[in-house]
Amino acid sequence: MLEVQELVGGYGATPVLHQVSLTVPDSSVVALLGANGAGKSTTLRMISGLLRPTSGSVTFDGVEMTSMRPAARVQRGLCHLPEGRGVFPSLSVRENLVLFSPKGQEADSFDAAVEAFPILGERRKQLAGTLSGGEQQMLTLARAYVSRPKIVLVDEASLGLAPLIVDAIFEFLERMVAEGMSLLIVEQYVQRALAIASTVNVLHKGEIVWTGPSADLDQDMLFALYAGESVAGRTS
Ligand code: ATP
């Protein structure tokens, strides 16, 4: 279980986040939605330790992580996939996957990744930097998967990709959850996010303005929340 409490902070003197709190229970999908600039990526950066909050806390599996380095958080099972592709471009597809596999399980990990994304098997010897954008995103997700994290923070996994690739990516996210991983997702395709998330948090100008079950949130409410209007049924 990830518990984020009252995070405040940003990039300079003016805070971007104002007391952001959210929870991701084990084996669940939680979405963090909001208009451009609302502070979604900033929230994920503070959870993974890329950015230090000025106050507030991040606790994972009962362990307070707020002042831990990012690498220590990774070791405890927290994986952050920032916006944009995160592959090593000058290594092959296979090498990228092996690097993130648990020691002694490289072959099994590679097979599991290829079963999910067969194209990665066909491209096993190709340098990752020469893959298409969609293939690089598949490799990014597959690398996270083989490292067996407990929770993955996914920032705009579908950005700029064709609908068929987006389908494959969302199927893969569901597979990760079926295998016990939790996800905190930031996603431009709101309907897709709502389809896999059990709970939604909506951010507006660095504040959580709505939290509740995804089934309780419709498109009109979401647009109103994005625009900063208050909406009935706020549960946060
Ligand atoms: P988007 O969907 O556009 O990525 P977001 O909700 O993820 O939006 P953030 O990227 O978290 O929003 O940005 C929140 C605010 O922080 C914005 O006003 C943005 O301009 C500012 N910001 C983001 N990154 C930096 C940075 N590296 N330095 C200074 N300000 C930043």
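Which handedness does the crossing of helix 3 and helix 6 have? In this predicted model, helix 3 and helix 6 cross in a right-handed way. The rest of the picture takes in how these helices sit together, and then what lines the ligand.

Two packed helices are described by the angle between their axes and the distance between those axes. For helix 3 (residues 93-100) and helix 6 (residues 133-146), the axes come within 8 Å and the crossing angle is roughly 30°. Angles under 35 degrees count as roughly parallel, and so helix 3 runs roughly parallel to helix 6. Helix 3 also has a partner in helix 4 (residues 106-116): here the axes come within 9 Å and cross at roughly 120°. That angle makes helix 3 oblique to helix 4. As for the handedness of this second pair, helix 3 passes helix 4 in a right-handed crossing.

Turning to the ligand, its surroundings are made up of Tyr11, Val16, Ala35, Asn36, Gly37, Ala38, Gly39, Lys40, Ser41, Thr42, Arg45 and Glu83. Sorted by class, this shell holds 4 nonpolar, 5 polar and 3 charged residues. Helix 1 (residues 40-48) gives the most to it, with 4 residues.

Some of these neighbours can be tied to particular atoms of the ligand. Gly37 takes part through its backbone, where an N or O atom lies 2.8 Å from a ligand oxygen. Asn36 uses its side chain instead, with a polar atom 3.4 Å from an oxygen atom of the ligand. Tyr11 also takes part through its side chain, and in this case an N or O atom is 3.5 Å from a nitrogen atom of the ligand. As for how much of the ligand ends up under cover, on its own it has 630 Å² of accessible area, and the protein covers 57% of that.

Notes
Residues are numbered from 1 along each chain as its sequence is written. This is a predicted model: local features need pLDDT of at least 70, side-chain atom pairs count only at pLDDT 80 or more; totals for chains, interfaces and linings use all residues. Side-chain values use heavy atoms; hydrogens and water are left out. A residue is near a molecule or strand if one of its heavy atoms lies within 4 Å of it. A polar contact is a pair of N or O atoms within 3.5 Å; within protein, one must be able to donate a hydrogen and the other to accept it, and residues adjacent in sequence count only if both atoms are side-chain atoms. Accessible areas come from the Shrake-Rupley method with a 1.4 Å probe; for residues, only the protein chains shown count as cover. Helices (H or I, at least four residues) and strands (E, at least two) are DSSP runs, numbered from the N terminus. Ala, Val, Leu, Ile, Met, Phe, Trp, Tyr, Cys and Pro count as nonpolar, Asp, Glu, Lys and Arg as charged, and the others, Gly among them, as polar. Axes are lines fitted to C-alpha atoms, for helices over the stretch in contact, and angles run from 0 to 180 degrees between N-to-C directions. Angles under 35 degrees count as roughly parallel, over 145 as roughly antiparallel, 65 to 115 as roughly perpendicular and the rest as oblique. A crossing is left-handed if the near helix is turned anticlockwise from the far one by less than a right angle, and right-handed if clockwise.
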